[in-house]
Amino acid sequence: MTEPRRPQISSRKQPQQARSAGLVAAILEAAVQVLAKEGAARFTTARVAEKAGVSVGSVYQYFPNKAAILFRLQADEWQQTQDMLRSILTDARQPPLARVRTLVHAFIRSECEEAGMRSALHDAAPLYRDAPEAQAVRANADGIIEAFMQELLPEVPAAQRALAGDMVTETMAALGSRFSASPRTEAEMTAYADAMADMFCAYLQALQQC
């Protein structure tokens with residue numbers, strides 16, 4: 001049986017001039033607004049074009065379909081998360097476990113501030129999550145975590161370090177998503193992040209002592 005064809009999610013071309021870059025920026029800003037208002041189920045290229053004040057053909061110059069637009073929004077969000085991971089976890093001015101605590105606080109705040117958009121992108125994920133482009137983006141984040149775990153747990157076997165990295169990142173993502181589903185106060189965010197960081201640090205310290 002022939003496998004169903006995956007939609008193309010890569011941009012058709014990259015803007016080379018300021019005018020083209022401005023058009024793409026306007027399309028993406030319109031896409032954010034449409035996604036926030038309509039949700040993933042009612043997100044269409046036509047609605048994005050209307051919101052951006054451009055023709056559908058102008059959108060298709062850069063994005064072949066709605067999956068490509070949604071993937072670009074998701075890829076940009078992933079890139080922001082990766083930049084946060086890299087800047088915090090590679091900051092040698094802080095001890096490794098202090099970096100874990102800083103990361104948890106930054107992540108929880110980010111989840112709460114962008115809860116609506118992340119929820120909508122999660123609903124759209126079936127359109128692109130198995131595509132090679134999406135896997136490549138996620139692999140970059142895995143490399144950042146792997147390097148940090150190597151620094152933190154140099155004597156721990158590689159398989160156990162990998163498990164530790166997965167446990168921290170997947171737990172943080174799952175609990176962060178659940179926590180941010182409701183509006184939170186500053187005090188609630190701080191208390192929740194502190195509790196999560198305490199849990200991770202205790203786990204990682206136990207591994208260091210094994």
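What follows is a conversation about the pockets, a helix pair and the cavities of a predicted model.

Colleague: Why is the packing of α7 and α8 called oblique?

Modeller: The two helices α7 and α8 pack at an angle of about 120°, with their axes 9 Å apart. Angles of 65 to 115 degrees count as roughly perpendicular and those over 145 as roughly antiparallel, while the rest, apart from those under 35, count as oblique. That is why α7 is oblique to α8. The crossing of α7 and α8 is, in addition, right-handed.

Colleague: How do you know that α7 and α8 meet, and which residues are involved?

Modeller: Contact requires heavy atoms within 4.5 Å, and on the α7 side I145, M149 and Q150 meet R161, A164, G165, V168 and T169 of α8. Sorted by class, this contact of α7 with α8 has four nonpolar, three polar and one charged residues.

Colleague: What makes a space a cavity, and how many cavities of 30 Å³ or more are there?

Modeller: A space counts as a cavity where a 1.4 Å probe fits but cannot get out, and the count of those with 30 Å³ or more comes to two. The largest cavity holds about 40 Å³ of space, and its lining is made up of L89, V100, L103, I145, F148, M149 and V168. Both α5 and α7 give two or more residues to this lining, with the largest share, three residues, coming from α7.

Colleague: Which classes of residue line the largest cavity?

Modeller: Its lining divides into seven nonpolar, no polar and no charged residues. Val, Leu, Ile, Met and Phe are among those that count as nonpolar, and the lining consists of L89, V100, L103, I145, F148, M149 and V168.

Colleague: What is the volume of the largest pocket, and which residues are the closest to its centre?

Modeller: A pocket, unlike a cavity, is an open set of points, and the largest pocket has a volume of about 1200 Å³. It is lined by 39 residues, of which W78, F107, R138, T169 and A173 are the closest to its centre. The largest share of that lining, 11 residues, comes from α8, and by class the lining has 18 nonpolar, 10 polar and 11 charged residues.

Colleague: Which helix gives the most to the lining of the second largest pocket?

Modeller: That helix is α4, with four residues, although α1 and α6 also supply at least two each. The second largest pocket contains about 170 Å³ of space, and its lining divides into five nonpolar, one polar and five charged residues.

Terms used
Residues are numbered from 1 along each chain as its sequence is written. This is a predicted model: local features need pLDDT of at least 70, side-chain atom pairs count only at pLDDT 80 or more; totals for chains, interfaces and linings use all residues. Side-chain values use heavy atoms; hydrogens and water are left out. On a 1 Å grid over the protein atoms alone, a cavity is a set of points where a 1.4 Å probe fits but cannot get out, and a pocket is an open set with protein on both sides within 12 Å along at least five of seven lines; lining residues have an atom within 4 Å of a point. Grid points are joined across faces, edges and corners, and a volume is the space filled by probe spheres set on the points. Axes are lines fitted to C-alpha atoms, for helices over the stretch in contact, and angles run from 0 to 180 degrees between N-to-C directions. A crossing is left-handed if the near helix is turned anticlockwise from the far one by less than a right angle, and right-handed if clockwise.
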